[in-house]
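Trainee: Can you take me through this model and show what each label rests on?
Mentor: Sure, have a look first.

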Amino acid sequence: THTQTKTGRAREMLSSGGMAVVRSSRGVLFAARGLGSGANRRVSSRTITTTTTTSSSSRAVPSLPLANAGRGTSGRCFSQQSAASTSAAASPYEGATWEIRMLYDGDCPLCMREVNMLRRKDEGKNKIDFVDIAADTYRPEDNQGISFEEAMGKIHAITNRGEVVTNVEVFRRLYELVGLGWVFAITKVEPFGTIIDRVYDVWAKYRLPVTGREDL
């Protein structure tokens, strides 16, 4: 059947493939097979509104975003999968009991003094996960893709949500977790923060020669 509607301006009705198409200056109206008796859809640039009309009353179904139009079950599945992917990306270490992972050089004597101090302070709390980048078992794919060379160039840490932290910010977070945040509190104040960052950069650059080891 052909449906002809008059509201304000004249509308042209086209019929093809069992679907009646009516165009107007305000949008496009079409009645498609499977929508139910008297069901019309108005398509605008933003939304699709479905209105079902009976002999005595009309009922409007809430508007749906055009991007989701026609998706049906597959659209909902896609949305659920996207949400799951986002959640997984936000929490790559789901179930981890630690709050931050410290990547340290187990072959560096000076580094190990600090690592051992932090281990003692963290004992029983287990807020820090210590990972030795010098160990044969070190795997970049388990540590946000941080290679051995990158980890040797400067200190890295990873939060249980996947955030990668470097340089002095690593020490700030580690010390705060073990109740020694006051040690690095001054680094939050300028110009001290910038100065200490630069001092660390120099240390990181010459760390291997200073500790009697060959450069990479």
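Trainee: What makes the four strands in the order 8-7-9-10 an open sheet?
Mentor: Strand 8 (128-132) and strand 10 (164-166) are edge strands, each pairing on one side only. Strands are DSSP E runs of at least two residues, helices H or I runs of at least four, numbered from the N terminus. The pairing in this sheet is mixed.

Mentor: The model is predicted, so local features need pLDDT of at least 70 and side-chain atom pairs 80 or more, while totals for chains, interfaces and linings use all residues. Numbering starts from 1 along each chain as its sequence is written, and side-chain values use heavy atoms, leaving out hydrogens and water.

Trainee: How do you know that strand 7 and strand 8 pair?
Mentor: Pairing takes at least two DSSP bridges between two strands. Strand 7 (residues 100-104) and strand 8 have five, in the parallel sense, so they count as paired. Methionine 102 stands opposite phenylalanine 130 in strand 8.

Trainee: What makes the lining of the largest pocket mainly nonpolar or mainly charged?
Mentor: Ala, Val, Leu, Ile, Met, Phe, Trp, Tyr, Cys and Pro count as nonpolar, Asp, Glu, Lys and Arg as charged, and the others, Gly among them, as polar. The lining has 16 nonpolar, one polar and four charged residues, so it is mainly nonpolar by that definition.

Trainee: Which helix gives the most to that lining?
Mentor: Helix 5, with five residues; helix 5 spans 192-210.
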